[in-house]
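Grab a pencil and work through these exercises with the structure open beside you. Try each task before you read its solution.

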Amino acid sequence: MASTEGSAAEYRTYREKRLRDRVRRWRKMWRIYYGSRYGKIGFWLLIGFAVMTLLSPILTFHDPYTFIAPREDSWSATQELGAQLPYSAVVNGMPLEPTAVPITSAGSYVVYTTTADGNVSAVGLGATPSTAAGEIFHVFSPNWAAGSTVFAASVFALANYTTFQSAFSFDYSEYLLEGATHANSSTIDFAPIHWSGPQGPGDGSPSAYDAETLTIPGTLVAPPVSSSTATSIIPSWGPFAQSSAYTSGGLKAAYVYTVTRSASGFNLSEFYAMPLQWVWSVHLTGTAVPEAPQYLGSYYAPPAGTEDTAVLVAQGSTLSSYNPGNGKLRWAENLSAPILPDVGIVVPFLDQDSFSAADVLFLGLAGSPGSVVDANLTSGAITTVTTVPGGVDGVATSGDAGYPTYVCVVSPTTVYMLNGPKAVANSADGLGLPQGSGTYETDPLYDQNSNLMIVSTSTGLSIAINAALGTDPIQWKLAPNPLPSAISPPLLVYNALKGGLAVAFVTSGSILDLYSTVGTDDNPLPPEFHTPSGNIYVFGTNSAGNDVWSQFVASFVWDWEIGLAVAAGIILVSVLVAMFIGYVGNWAAAVVETLTLVLFLLPGLALLIVVASIVGASFVNTLLVLTFVSWPFTAITLIGVVRQIKSRTFIEAARVSGASTVQILRRHMLPNMTPLLAYFTALSIGGAATAFSTLQFLGIAQLTIPTWGGMLQPMLDNFYFALEAPWWIWPPTIALTMFVFAFVFVSRGMDEVVNPRLRAR
Amino acid sequence: MTVAVDIPEVSRVPLPSRARPSAPSAEKVLEIRSLSVQFGTEDGTVLAVDRISFDLHARETLGILGESGSGKTTLSLALMTLLPENAHVEGQALFSGEVIADAQISGGAIRKLKRRERKGLSQKLSRIRWRGISMVFQGSQNAFNPVYTIEKQIAEVFQIHTDLPKQEIHDRVVRAVQRAGLDPAVLKAYPHELSGGMKQRAVIAMALALTPKLVIADEPTTGLDVVTQARLIAELKELRQTRIQSMIVISHDIGVIAQLADRVAVMYAGRIMELASVDEIYSRPANPYTKALIESYPSIARARTGIQGIPGTPPDMIHPPTGCPFAPRCSYVEERCRREDPIPQEISPGHWSACHFALDIQAGRRAPTVPPPEALPPVTMPDGLLDRPLLVETKDLTKFFDLRASAGGSLFSRPGSSRVVHAVEGVNLDIHPSEIVGIVGESGSGKTTLGRTLLRTIDATGGEIRFRFREEGKESGGEVVDIVPLKSSGRQLREFRRRSQMIFQDPYDSLDPNQIIYDIVEEPLIGHHMAANPDVTLSRIQEALRSVRLTPPENYLDRYPHELSGGERQRVAAARALVLKPDLLIADEPISMLDVSLRAGFLNLLRQMRVELGTTIVYVTHDIASARYVADRILVMYLGVGIEFGPSEELIREPLHPYTKALIQAVPLPSPTWNPGNLEIMGEIGNAINVSKGCRFSRRCPYRQSQCEDVPPPRKAHGAHWYLCHFTQEELLAIRQKGGFMIPPASSGFAAPP
């Protein structure tokens, strides 16, 4: 190659060789770098961060800030009571439904649960006679005959007024608890419980009477029901009103209705409860087994033959209405399909005793698709409300008088909320079942306070659905934790203790749970991979409901971007300034140097805060401020380096060679500063990410950019989050620390390259 | 810039005649048994010291002579157990029978010692160090702590190693500095108030403080001026005779070693090539390396014959060559040398040489197997050189540095005090085309400033620099322009820049370590917009490299400076200067950083450049011998003033100025028989701030008369040879004979400056 000199190809060869040499030298530097322990750790940390950054678009499941965990994931009913019952309340594997009764006008409640052997417990809710909050009383143990079947306790009646009157001066409240047994004989036993005591705090106590036996026509085919209705057991009237009502009319307020099978067919009978005596029986015309009858109308004034009370019996596909006064059939309607026993006869809350409105009786009809019909209470006229695919599992309505505002129809997988008279279900009204919650079961409960339909699913989950659906239809979910082996149908009760409605269950047969129907925000949520909405919260959520994992992962990108942008700015500015001061060095440079020193000596964080608040907190501004505050440190160091390089002979040699200042700076100064610049870049990236995070943590920078420091911002208000929600606080803390450490380690490693004296050690 | 006042210091008159100390006794102070030192580095393992064995007897001085990288400093560090942690030692060194270096206790091995062993070792070492072995480190005169007085720093030695009471320590410190030839008054001074020679004496006083058995002096005179060096050598000789039991002197300077050592070990590539008494080494060398080394350097005493350096470069000690390490550079090399490692053999009692042909070499029976490089033409001034029209002419060229020019200087300096450094004052110099002019002076004489002012890298304070812008290829003609007032961005100054270039002192610093040779040499072409065509650029670069004997250029273009030896680097620097084909080339101490064996080659290159390219060269140096070898005329500078100027042979043989006379007298000769005799000079050069109104040299001049101090001396010419003095040679002689000669006082009082 020596012969032909000066060819362009040869020139290129030298350039290439030089490039190769540069690569070789970088490789050597790399060997030194990687040979240092710090450098190695820093390098692998950075690789880890880089990988996470590259993967971050894939791994960011949700928008870091706009995504808020849906209420079905993050809102739940709060447990208000979890009372251990002294026995197992399970019949045939299913916990018996609790029964509640108000015992004072102030709204104190007693919740009763029954067991297969007839034991009854009462759990007081609120400051009532003898019922401290959550206090369990074992109130009754009637010693039923062997082989008896116990129905759920039914509280339904005020007792005879003489008892009431004798206790008048003591301000009694008195109730009857009915335990029913069904022997194979045509008798049932009723066990009344007398509950007495002064109103208010005191030692009122329940006392049980002996069971009274009643002969019934045939054998019982459904649990007996009382004439209590949803509203009528709520004493909206005081003892005086009660007493006048009873004394003036001499009425007997409590009735019991039974459906029985006799040799001739099925009978509906009415009994008076106290003292127990037969009133009437009618023969049911249909052949299908009837369901338990339902009483409508005010129970304390059941005048014989009045039109505003009714006993309804569903029997196969026939619905009949009887006059409770005399047992006469008012009307009977044949329906297109059998009435679903699980759904039963649904009457809106207020219509159950006012009996004023028409078309307020709702039935679910069997079949797939199943249908829901309404019936006119007075005429029995049937109208189809809607048809739902998959069959009807439950029907509920809002409780307002007249035709209900909302009719809720539940199919196994969907809840339809029909808004308006005779609205037809369409998919827009449907709300799919949250993931992993099985199928819908039983009738929903309607909470009129919050306008919620509370539906239960086969997995024991209860879900509160906004009756108006809306954007966030699911208001909260209720999953007893741990999920019990079995759970009773829910009951809405008034929790006097907490002053609101509550859902009551018996779970696992022996625990009475009360959950507030007002959901609470559970955020920050712990890490969760199976949520009702199907979202995955790898690191849970923060207190605002944002997905911590998404914020965490998205921060990788931003912390890099902020770090690189600011570091680039710092290096650019400080190199230019350092070269100007260190190389040019005229009086203007002295001025700049003084200003640099001033800026350098001002406390960085304070300056950062002040400048950031002056120029405003936009993202670009913040980056500029960070650069502005940080460059003097690098510049001051670089000035010395520039001066040192300037004092080296090859710079003078270049000047003698006629090289211009720009040429010297570019060809000599910059390459000789490069390793140091790399060192400072590494430090600056880590520093800038930290500084930005600091600003976010202090709330000075915008919080729309996900960074680890921004994620930690709520810690400023409540540092207990570190303990309460470690899944939220610790990942960004560790990541930020490791990020800074990675660059510190990298710069330590580079230090060994730049500073050969360290290498020998 | 030191601000020490210029105080004459002790000078001993007469200098002791060369006398051997009492014969070495049989007691072995130091025994070194096959000692090797290796350093683990990123690039590989460097073999720094390779199986060295020798004994040092009591009352004996061993000189270790070697170039940089020969392992001489590593050896001394090993003896002090000061090796860094990446060092690995094999073999053994015993001091008075105690192990001071072996594989267990030296370098990184210390870490592996058990705690108790380490403690024991450190106790042993603190006992041996300074009381047994003390060391004068290289350049340690600059390692004094500037905030403590000299006394405090010397007393520290006693505090650490003895339990003496304070008063006793003070007395001993006083005695120690007196022994080292210093006035006790220096004890109250701070380091910056002392001159380099005084500081070096203080360092020696420190080393001698505890009267150790062995003193290791690493380059004890390097960095000192010639005059000071001569004096220090004389003092060390005297000390050696009286105080020091045994001593190791390490130096690259043949002259210094010749003066101080009884026996000399010549080291090369980590080995001892030859070990013999100093007379044997100089008169009957038995190793080609020793021979070449002695012959490779111009001597002030030797005639101006062509000298040859040693070709090639020292071996890469990461991959040491097989066979003799010197074989690639040896002119007597044979196949056997490359194959077989020469074993040191005792060719006569006490004379060891590691060469297969030691006896033949010694007897001169062996003919060179490698032909010597082409003979240079005899060193003579080209005919008619001085008749050609001048290329450069300076008129009263002056450069002052105002110390108050900086903000700090003007704020804190005392008002009214003169803070002007008279770096160059009133220099009249005329340079003919293709001439080599030597500028000689001690450090601080302003010779470098003069060179830079000539190039206008520094702006002159006053005077003129007339430069002839000749047309291409013409000897005469062209416009003569004073370049001092030219605007810095003007066209004419750019043109001047193209025509004037410089070679710097430090070849390790003057080349950008990040650039390949191609880039380095290309630099001036870019600066002058001549690099537009890559083909032309490349051919120019190759031509420049060829003209500095870096052949073939292709082998160098893509290499980095660190891959080259010092000599090659300096040639690259020369190529960079030559690529523009300049008229004027200033070479600022171009060989002072080079290894001895490489210096001659570069000096020859300068001469060749003049012959082949017609380049005019200003050769700036402190080394008058090398100036004699290359320069046609020499300007001797003293404190900013050119005091003598004349054809070099004439100036060396018949110096006219008292300073030049002393300077030439003080250069040590590489011969044990050298004796500078009575140096007719006082003190040290001092600084150029408070200069006398009259003759600059008057404060040191033994011929000083009353007018010298106040009246500037006239120029007295002897043909082409002139000097600045009030007196003619006859008058000077008369002063001497009349007894007006001021003999430097035997112990001049040192007064601490205010």
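**Exercise 1.** In what order do the 8 strands of the open sheet that includes strand 18 of chain B stand, and is the pairing mixed?

*Solution.* A word on the ground rules: this is a predicted model, where local features need pLDDT of at least 70 and side-chain atom pairs count only at pLDDT 80 or more, while totals for chains, interfaces and linings use all residues. Residues are numbered from 1 along each chain as its sequence is written, and chains are lettered from A and ligands numbered from 1 in the order in which they are written.

Step 1: read off the order, 18-19-20-15-21-22-24-23 in chain B, with mixed pairing. Strands here are DSSP runs (E, at least two residues), as helices are (H or I, at least four), numbered from the N terminus; two strands pair if DSSP finds at least two bridges between them.

Step 2: find the edges. Strand 18 (500–503) and strand 23 (715–718) of chain B each pair on one side only.

Step 3: check one pair. Strand 18 and strand 19 (residues 584–588) of chain B are parallel, with 4 bridges. B:S500 has B:L584 in strand 19 as its bridge partner.

**Exercise 2.** Which strands stand at the edges of the chain B sheet ordered 6-7-8-3-9-10-12-11?

*Solution.* Step 1: this open sheet has 8 strands and mixed pairing. Step 2: strand 6 (133–136) and strand 11 (345–348) of chain B have a single partner strand each, so one side of each lacks a neighbour in the sheet.

Step 3: look inside the sheet. Strand 3 (residues 61–66) and strand 8 (residues 246–251) of chain B run parallel, joined by 5 bridges. B:T61 has B:M247 in strand 8 as its bridge partner.

**Exercise 3.** How many residues of helix 5 of chain B are buried?

*Solution.* Step 1: count them. The answer is 13 of the 13, so helix 5 of chain B is largely enclosed by the rest of the structure. (Buried means 20 or more other C-beta atoms within 10 Å of a residue's own; exposed means 12 or fewer, partly exposed in between, with C-beta atoms placed from the backbone.)

Step 2: check the length. At 1.5 Å a residue, helix 5 (residues 196–208) of chain B should span 18 Å, and its end C-alpha atoms are 18 Å apart, which agrees. The expected span is 1.5 Å times one less than the number of residues.

**Exercise 4.** How many helices and strands are there in chain A?

*Solution.* Chain A has 16 helices and 37 strands. Of its 761 residues, 46% are buried.
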